[in-house]
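Thanks for coming. I have one structure to go through today, and I will start with a pair of helices.

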Amino acid sequence: MYPALDAERCATLSPVILQQILRDDLGFRGVLFSDDLLMAGIMDNRTVADAAVESLQAGCDAVLICRDFARQQEALEAIREAGERDQDLAQRLTVSQHRLDHLLHQLVPFPPSVTSPAQDPSLLASRLAALA
């Protein structure tokens, strides 16, 4: 936690830190990843599903949930449901998807016929395997 910046939330859950400081004040336009949402400080008073939604609402583009597939599935379902209920979150997720697509295209160049890795996951897998 950074009490001088946000006395109530850790950085991963803080719109003050992620949106106001990083994006607005500092002009950061890259992809923001959360901390592992299974960390004790995050899980102290919320479920991982709630933390996933809260971190995306705060400004993260992608959430990390390490070592627990069941909780990853819970978080995905919570994000989907929240996106259906909350138009602001749905718009934020669209912007995040564009940032993530841009990052993927920088890391692994795709042919012009493929506009998104989501359209052809096998191409992404083969390109990443070639880099290994």
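Look at where α3 meets α4. On the α3 side the contact is made by Val48, Ala49, Ala52, Val53 and Leu56, and on the α4 side by Arg71, Glu74, Ala75, Ala78, Ile79 and Ala82. By type, nine of the residues in this contact are nonpolar, none is polar and two are charged. I should say now that this is a predicted model.

On the α3 side, the spacing in the numbering fits a general point. An α-helix has 3.6 residues a turn, so residues three or four places apart point the same way.

Now the geometry of the pair. Helix α3 covers residues 48-58 and helix α4 covers residues 69-85; their axes are 8 Å apart and the packing angle is about 50 degrees. That angle makes α3 oblique to α4. The crossing of α3 past α4 is right-handed.

How many of the 11 residues of α3 are buried? Eight of them are, so I would call this helix mostly covered. The buried residues are Val48, Ala49, Ala51, Ala52, Val53, Ser55, Leu56 and Ala58. What lies over them? The cover includes α1, β1 (33-36), α2 (40-43), β2 (62-64), α4 and α5 (87-107). Just after α3 comes Gly59, with a positive phi near 135 degrees.

Next, the nonpolar core. The largest one has 17 residues, and those with the most contacts inside it are Leu37, Ile42, Val53 and Ile65. At least two residues of this core come from α3, and at least two from α4. Which helix gives the most? That is α3, with six residues.

Val53 therefore turns up in three places: in the contact with α4, among the buried residues of α3, and among the core residues with the most contacts.

Ile65 is another of those core residues. Leaving out residues up to four places away in sequence, Ile65 touches Asp36, Leu37, Leu38, Val48, Arg71, Gln72 and Ala75. Three of those names have come up already: Val48, Arg71 and Ala75 belong to the contact of α3 with α4.

Now to the segment before α1 (15-25), where Leu13 lies. Is Leu13 buried or exposed? Its relative accessibility is 2%, so Leu13 counts as buried. Setting aside neighbours within four places in sequence, the contacts of Leu13 are Ile42, Arg46, Ala51, Glu54, Ser55 and Ala58. Of these, Ala51, Ser55 and Ala58 are on the list of buried residues in α3. Leu13 and Ala51 are 38 residues apart along the chain, and 7.4 Å separates their C-alpha atoms.

One residue deserves a look for its backbone. Arg67 sits in the loop between β2 and α4. Phi of Arg67 is positive, near 70 degrees, and this is a residue other than glycine. In general, most residues other than glycine have a negative phi. Arg67 has a relative accessible area of 72%, so this residue is exposed.

Last, the chain as a whole. There are six helices and two strands, and along the sequence they run α-β-α-α-β-α-α-α. Of the 132 residues, 33% count as buried. Among contacts with a separation of 6 or more, 54% are between residues 24 or more positions apart. The pair of Leu13 and Ala51, 38 residues apart, was one example of distant parts of the sequence coming together.

Key:
Residues are numbered from 1 along each chain as its sequence is written. This is a predicted model: local features need pLDDT of at least 70, side-chain atom pairs count only at pLDDT 80 or more; totals for chains, interfaces and linings use all residues. Side-chain values use heavy atoms; hydrogens and water are left out. Axes are lines fitted to C-alpha atoms, for helices over the stretch in contact, and angles run from 0 to 180 degrees between N-to-C directions. Helices (H or I, at least four residues) and strands (E, at least two) are DSSP runs, numbered from the N terminus. Angles under 35 degrees count as roughly parallel, over 145 as roughly antiparallel, 65 to 115 as roughly perpendicular and the rest as oblique. A crossing is left-handed if the near helix is turned anticlockwise from the far one by less than a right angle, and right-handed if clockwise. Contact means heavy atoms within 4.5 Å. Ala, Val, Leu, Ile, Met, Phe, Trp, Tyr, Cys and Pro count as nonpolar, Asp, Glu, Lys and Arg as charged, and the others, Gly among them, as polar. Buried means under 20% relative accessible area, exposed over 50%, partly exposed in between (1.4 Å probe, protein chains only). A nonpolar core is a set of buried Ala, Val, Leu, Ile, Met, Phe, Trp, Tyr and Cys residues joined through side-chain atoms within 4.5 Å.
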